[in-house]
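Trainee: Got a minute? I'd like to go through this one with you.
Mentor: Sure, put it up.

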Amino acid sequence: MLTLPNLLTLSRIVAVPLLVALLWWPRWEAGFGIAFALYCLMGITDYFDGYLARAQGAVSKLGVFLDPIADKIMVAAVILMLVGTRHDDRALITGVHLIAALIILLREIAVSGLREFLAGLQVSLPVSKLAKWKTTLQLVAFGALILAGALPAQGWIKATGLGCLWAAAALTLVTGWDYLRVGLKHMD
């Protein structure tokens with residue numbers, strides 16, 4: 001149960017409160033810089049926990065259960081902090097960009113519910129390649145937006161983050177629809 005892949009997944013969950021604390025003060029640029037480094041480390045562990053589990057033949061029920069939860073906790077916490085830590089011109093996700101963040105957050109909730117429903121029917125919902133690209137764009141978007149808080153004079157970083165956020169939101173709609181179509185086949 002306490003394999004390296006599972007420990008990596010658990011480390012992401014444990015790191016979320018620290019990430020939130022670092023993002024709490026919008027004018028603390030050093031905090032955002034440290035948060036960016038922590039976020040990058042969390043993204044790396046997200047890749048390696050699954051890779052190591054498959055490579056070592058150590059895929060476990062605990063890991064299958066915890067990995068998507070760790071992902072969703074991290075995504076939800078980062079979105080809330082990037083939206084909620086507002087101070088004058090330092091807000092990182094505001095205005096129309098809230099729509100992209102909301103699309104991502106709502107899809108995370110909907111797909112979790114769909115997976116839970118399908119699990120009761122013993123139907124798995126494998127992650128598609130397009131969903132992996134969506135996750136990659138999300139990681140880049142949130143990373144860039146966190147980095148923008150550390151380097152506010154570099155407007156291109158925030159613009160890049162917001163562009164990736166919208167690209168991720170578009171893929172979120174496509175993959176969410178794909179998953180919903182699969183799920184609808186199993187509903188009465």
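Mentor: Start with cysteine 164. Its sulfur is 13 Å from the closest cysteine sulfur, in cysteine 40, which is too far for a bond. Keep in mind that this is a predicted model.

Trainee: What cut-off makes a disulfide here?
Mentor: The two cysteine sulfur atoms must be within 2.5 Å.

Trainee: How many disulfides does the structure hold, then?
Mentor: Zero. Cysteine 40 is in no disulfide either; its nearest cysteine sulfur is that of cysteine 164, 13 Å away.

Trainee: Is cysteine 164 buried or exposed?
Mentor: Buried, at 16% relative accessible area. Cysteine 40 counts as partly exposed, at 32%.

Trainee: Switching topic. Which residues make the nonpolar surface patch?
Mentor: Phe117, Leu121, Trp177, Leu180, Leu184 and Met187. The patch covers about 540 Å².

Trainee: Which helix gives the largest share of the patch?
Mentor: Helix α6, residues 155-184, with three residues. Leucine 180 sits in that helix.

Trainee: Why can leucine 180 count towards a patch?
Mentor: Its relative accessible area is 34%, so leucine 180 is partly exposed and passes the patch cut-off of over 30%.

Trainee: And where does UniProt put "transmembrane region"?
Mentor: The unreviewed entry lists residues 7-25, 31-52, 64-85, 91-114, 135-153 and 159-180.

Trainee: What does the model show over residues 7-25?
Mentor: That span is 89% helix and 0% strand, with its end C-alpha atoms 29 Å apart. Residues 91-114 are 75% helix and 0% strand, and the end C-alpha atoms there lie 33 Å apart.

Note on methods:
Residues are numbered from 1 along each chain as its sequence is written. This is a predicted model: local features need pLDDT of at least 70, side-chain atom pairs count only at pLDDT 80 or more; totals for chains, interfaces and linings use all residues. Side-chain values use heavy atoms; hydrogens and water are left out. Patches are made of residues with over 30% relative accessible area and no salt bridge: like charges are joined within 9 Å, nonpolar side chains (Val, Leu, Ile, Met, Phe, Trp, Tyr) within 5 Å. Accessible areas come from the Shrake-Rupley method with a 1.4 Å probe; for residues, only the protein chains shown count as cover. A salt bridge is a side-chain nitrogen of Lys or Arg within 4 Å of a carboxyl oxygen of Asp or Glu. Helices (H or I, at least four residues) and strands (E, at least two) are DSSP runs, numbered from the N terminus. Buried means under 20% relative accessible area, exposed over 50%, partly exposed in between (1.4 Å probe, protein chains only). UniProt positions are given in the numbering used here, feature names are shortened, and annotations may be inferred rather than shown by experiment.
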